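Here is a short note for a reader who is new to this structure. Please keep the model open while going through the points.

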Amino acid sequence: MRGLFFAMILLSVTEIHAQEYPFEKLHTQRLPNAIRVHPKVISGGIPADQLAFQELKELGVETIISVDGAVPNVELARQFGMRYVHLPHGYDGIPAERVTELAKALREFEGTIYIHCHHGQHRSPAAAAVACVAVGFIDAARGVALLQLAGTNPNYRGLFRAAERAQRIPTVELDRLKAQFKERADVPALATSMIAMEHTYDNLRKLSAAGWRKVSIHPDLDAAHEILLLREQFTEQLRTADTAHRDEAYRQRLRDGQQLAIELEGSLTTADSLSAQQIAALSTLMTRLADNCRACHAQYRDVPLE
């Protein structure tokens, strides 16, 4: 009994020190918004290429957990001797079952774990927060502070609510849980389409920031091609059975996005001969496109789960 008493004291002290561990923004070249949440856990954006995986290797990462809907690059992870686990969730919050799975992963897998979404700004810090609270690495108050440090948009009320309501899950419950950690989870068709649109939009943002000329770090990007992809993605969304069963306001948002993509096409000539006036017109269209997407997300995507 005396040994058990001292073991309990030691466990309590260990957890206090874990909760006091300061969050650290990491200076990385290829891992967007990387934050060390705990000696065992790093939150950040998607490792997009071989150099990013090399950085993960140098950080001692052994397991990568994606909470993004995009298909993980399992093959590249294997090349670097890492395990990939796919546990996607949305911007509307994190279901209780997913929280338990994330916590189970943190408890079960050895070595450093990298939790990522696309940008490392919204879903991954929320996932890292609830998982670390659930296993006792940090307390709930610090979970919210993590989202603030990562720059999570306050409009994602479901993500903040998940962090605010996160609770410690008893160790015996996590040990009893039988979880199948898939390398690639099944993602609904709508989510897959939206991921593709988000990727194209991100490429257009890079081109817009470069004055619609070639981006040095992404010389393969072509403005005309990316705008064409975006227009086709809106067109395909309007053709799906899922869209046909949604309300008219949703369909109108898609039509508005499609029209803006058409106008972008009409405003773009060749990247090397754009006038200041044409660049300004393209930037205005990009702003309108962003506003349209943001309004659609606020109404249909980002509503808290409950």
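1. Start with the second largest pocket. This is a predicted model. The lining of that pocket divides into 14 nonpolar, nine polar and eight charged residues.

2. The space in the second largest pocket comes to about 840 Å³. Its lining is made up of 31 residues. Closest to the centre are Ile-46, Ala-48, His-118, His-199 and Lys-206.

3. Which helix gives the most to this lining? H9 does, with seven residues. H9 covers 189–209, and helix H2 covers 50–58. Each of these two helices supplies at least two lining residues.

4. Next, the largest nonpolar core. In soluble globular proteins, nonpolar side chains tend to be buried together. The core here holds 44 residues. Val-41, Ile-65, Ile-94, Leu-102, Leu-106 and Ile-115 touch the most other members.

5. Several elements give two or more residues to this core. The strands are E2 (35–38) and E6 (112–116). The helices are H4 (96–108), H5 (123–135), H6 (140–150) and H7 (157–165). The largest share comes from H5, at 10 residues.

6. Look at Val-41 in detail. Leaving aside residues up to four places away in sequence, Val-41 touches Ile-35, Arg-36, Leu-106, Ile-113, Ile-115, Ala-128, Cys-132 and Phe-137. Leu-106 and Ile-115 are, like Val-41, among the core members that touch the most others.

7. A second core is separate from this one. It has 21 residues, including Leu-204, Ala-261, Leu-274 and Leu-282.

8. Leu-282 also belongs to the buried residues of H13. The others are Leu-285, Met-286, Leu-289, Ala-290, Asn-292 and Cys-296. What do the buried residues of H13 pack against? They pack against H9, helix H10 (223–239) and helix H12 (248–267).

9. Check the length of H13. This helix runs over residues 276–301, 26 residues in total. At 1.5 Å a residue, H13 should span 38 Å. The end C-alpha atoms are 36 Å apart, so the two values agree.

10. Last, Arg-246. This residue lies in the loop between helix H11 (241–244) and H12. Is Arg-246 buried, exposed or partly exposed? Arg-246 counts as partly exposed because its relative accessibility is 30%, while buried means under 20% and exposed over 50%. Not counting residues up to four places away in sequence, Arg-246 touches Leu-190 and Arg-251.

Terms used. Residues are numbered from 1 along each chain as its sequence is written. This is a predicted model: local features need pLDDT of at least 70, side-chain atom pairs count only at pLDDT 80 or more; totals for chains, interfaces and linings use all residues. Side-chain values use heavy atoms; hydrogens and water are left out. On a 1 Å grid over the protein atoms alone, a cavity is a set of points where a 1.4 Å probe fits but cannot get out, and a pocket is an open set with protein on both sides within 12 Å along at least five of seven lines; lining residues have an atom within 4 Å of a point. Grid points are joined across faces, edges and corners, and a volume is the space filled by probe spheres set on the points. Helices (H or I, at least four residues) and strands (E, at least two) are DSSP runs, numbered from the N terminus. Ala, Val, Leu, Ile, Met, Phe, Trp, Tyr, Cys and Pro count as nonpolar, Asp, Glu, Lys and Arg as charged, and the others, Gly among them, as polar. A nonpolar core is a set of buried Ala, Val, Leu, Ile, Met, Phe, Trp, Tyr and Cys residues joined through side-chain atoms within 4.5 Å. Buried means under 20% relative accessible area, exposed over 50%, partly exposed in between (1.4 Å probe, protein chains only). Contact means heavy atoms within 4.5 Å. The expected span of a helix is 1.5 Å times one less than its number of residues.
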